[in-house]
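Here is a friendly walk through a single protein chain for your next look at the viewer. Keep the sequence and the structure side by side as you read.

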Amino acid sequence: MTTLPASRTPEARLVVVDDEPNIRDLLATSLRFAGFDVVTASDGTEALEAIVEGEPDLVVLDVMLPDMDGFTVTRRLRERGVRTPVVFLTARDDVADAVTGLTVGGDDYVTKPFSLEEVVARIRAVLRRSQAHDADSGVLRYADLELDEDAREVRRAGRPVELSPTEFKLLRYLMLNAGRVLSKTQILDHVWEYDWRGESAIVESYISYLRRKIDVPGPDGAPTVPLIHTRRGIGYVLKTP
């Protein structure tokens, strides 16, 4: 695990995790040059230690690691209550990988081979999403759904709902536009703030996973009124039936 003192105030603190020394060193050097403070790790065990102890602003995490995969690392972080945003690095250009990463609590992914400019752009986009709530205030309410922007907490019928930074921003956008059908393009523009090159399947995956957290039966098994609805061929809307 290595770090390098910054000669200026860093834009953010990052942990870069990759078992390939060439990729790890190239990423770390490039991200430091871009203005980030970077700590590196070569496997999942080192990554967990660096993230828990260092409390970084974001993690760049390779999916394929020698001791445990990146999805397992992220799952263990979320189980510990660590909500640090995660950008996955994956060599497999497969939407299924992206969906798996989002399901365990990831925020974005970059497919190898990648350009360094793309990695930096994605990191900054995720940081904007995760920090956006700091500039907002107040509580949004719709039906029995409540989103507290200051505390960054969500409750459904009084039950706390754990969301990643991207899920939080997606739900906030839906709540701000309750009753209005939002297209996938609108959601990409306002939530991701990055050109996903037409990968609208990411929106579908996030909506699906958000539904599993929001539109679920209560602790007593009582049915919950679905709030997130699909308008086929158009988009999505937050509304009561």
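Ala 157 is a good place to begin: with a relative accessible area of 58%, this residue is exposed. The model you are looking at is predicted, and the chain has an average pLDDT of 84. In outline, the chain contains eight helices and 12 strands. The points below go from two residues with unusual backbone angles to the annotated aspartate, and then to the helix packing.

**Unusual backbone geometry**

- Ala 157 sits in the loop between strand E9 (153-156) and strand E10 (159-161), and its phi is near 55°, a positive value in a residue other than glycine.
- Glu 55 also has a positive phi, of about 50°, although it is not a glycine.
- You will find Glu 55 in the loop between helix H2 (44-54) and E4, where it counts as exposed because its relative accessibility is 55% and the cut-off is over 50%.
- A cis peptide bond, with omega about -5°, links Lys 112 to Pro 113.
- Pro 113 belongs to the loop between strand E6 (108-111) and helix H5 (116-131).
- As background for these bullets, most residues other than glycine have a negative phi, and most peptide bonds are trans.

**Asp 62 and its surroundings**

- UniProt, in an unreviewed entry, places the feature "modified residue: 4-aspartylphosphate" at Asp 62.
- Asp 62 is part of strand E4 (residues 58-62).
- Is Asp 62 buried or exposed? Its relative accessible area is 3%, so Asp 62 is buried.
- Setting aside residues up to four places away in sequence, Asp 62 touches Val 17, Asp 18, Asp 19, Gly 70, Leu 89 and Lys 112.
- Lys 112, one of those contacts, is also a partner in the cis peptide bond with Pro 113.

**Leu 65, in the loop after E4**

- Leu 65 lies in the loop between E4 and helix H3 (70-79).
- Leu 65 is buried, its relative accessible area being 10%.
- Beyond its neighbours within four places in sequence, Leu 65 is in contact with Val 17, Asp 18, Asp 19, Ser 42, Asp 43, Gly 44, Gly 70 and Val 73.
- Val 17, Asp 18, Asp 19 and Gly 70 are among the contacts of Leu 65, and they are also among those of Asp 62.
- Leu 65 and Val 17 are 48 residues apart along the chain, yet their C-alpha atoms are separated by 8.6 Å.

**Helix H8 and its two partners**

- Helix H6 (residues 165-176) and helix H8 (residues 201-214) have axes that come within 11 Å and cross at roughly 85°.
- That angle makes H6 roughly perpendicular to H8.
- On the H6 side, the contact is made by Thr 166, Glu 167, Leu 170, Leu 171 and Leu 174, while H8 brings Tyr 206, Ile 207, Tyr 209, Leu 210, Lys 213 and Ile 214.
- Sorted by class, the contact of H6 with H8 has eight nonpolar, one polar and two charged residues.
- H7 packs with H8 at an angle of about 80°, and their axes are 10 Å apart.
- H7 is therefore roughly perpendicular to H8.
- Lys 184, Ile 187, Leu 188 and Trp 192 of H7 make this contact with Ile 202, Val 203, Glu 204 and Tyr 206 of H8.
- By class, the contact of H7 with H8 has six nonpolar, no polar and two charged residues.
- Tyr 206 of H8 takes part in the contact with H6 and in the contact with H7.

**Ser 183, between H6 and H7**

- Ser 183 lies in the loop between H6 and helix H7 (184-192).
- With a relative accessible area of 22%, Ser 183 is partly exposed.
- Which residues does Ser 183 touch, not counting those up to four places away in sequence? They are Ile 234 and Gly 235.
- The C-alpha atoms of Ser 183 and Ile 234 are separated by 5.7 Å, with these positions 51 residues apart along the chain as the spacing.

**The whole chain and model confidence**

- Of the chain's 241 residues, 48% count as buried.
- Among contacts with a separation of 6 or more, 60% come from residues 24 or more positions apart.
- A pLDDT of at least 70 is reached by 84% of the residues.
- Residues 2-7 have pLDDT under 50 throughout, and the model has 11 contacts beyond four places in sequence for them.
- Residues 133-137 also stay under 50 in pLDDT, with eight such contacts beyond four places in sequence.

Conventions: Residues numbered from 1 in each chain as written. Predicted model: local features only at pLDDT ≥ 70, side-chain atom pairs only at ≥ 80, totals over all residues. Heavy atoms only, no water. Axes fitted to C-alpha atoms, helices over the stretch in contact; angles between N-to-C directions. Helix = DSSP H or I, 4+ residues; strand = E, 2+ residues; numbered from the N terminus. Parallel < 35°, antiparallel > 145°, perpendicular 65-115°, else oblique. Contact = heavy atoms within 4.5 Å. Nonpolar A, V, L, I, M, F, W, Y, C, P; charged D, E, K, R; others polar. UniProt positions renumbered as here; feature names shortened; annotations may be inferred. Buried < 20%, exposed > 50% of the residue type's maximum accessible area, 1.4 Å probe, protein only. pLDDT = per-residue confidence, 0-100.
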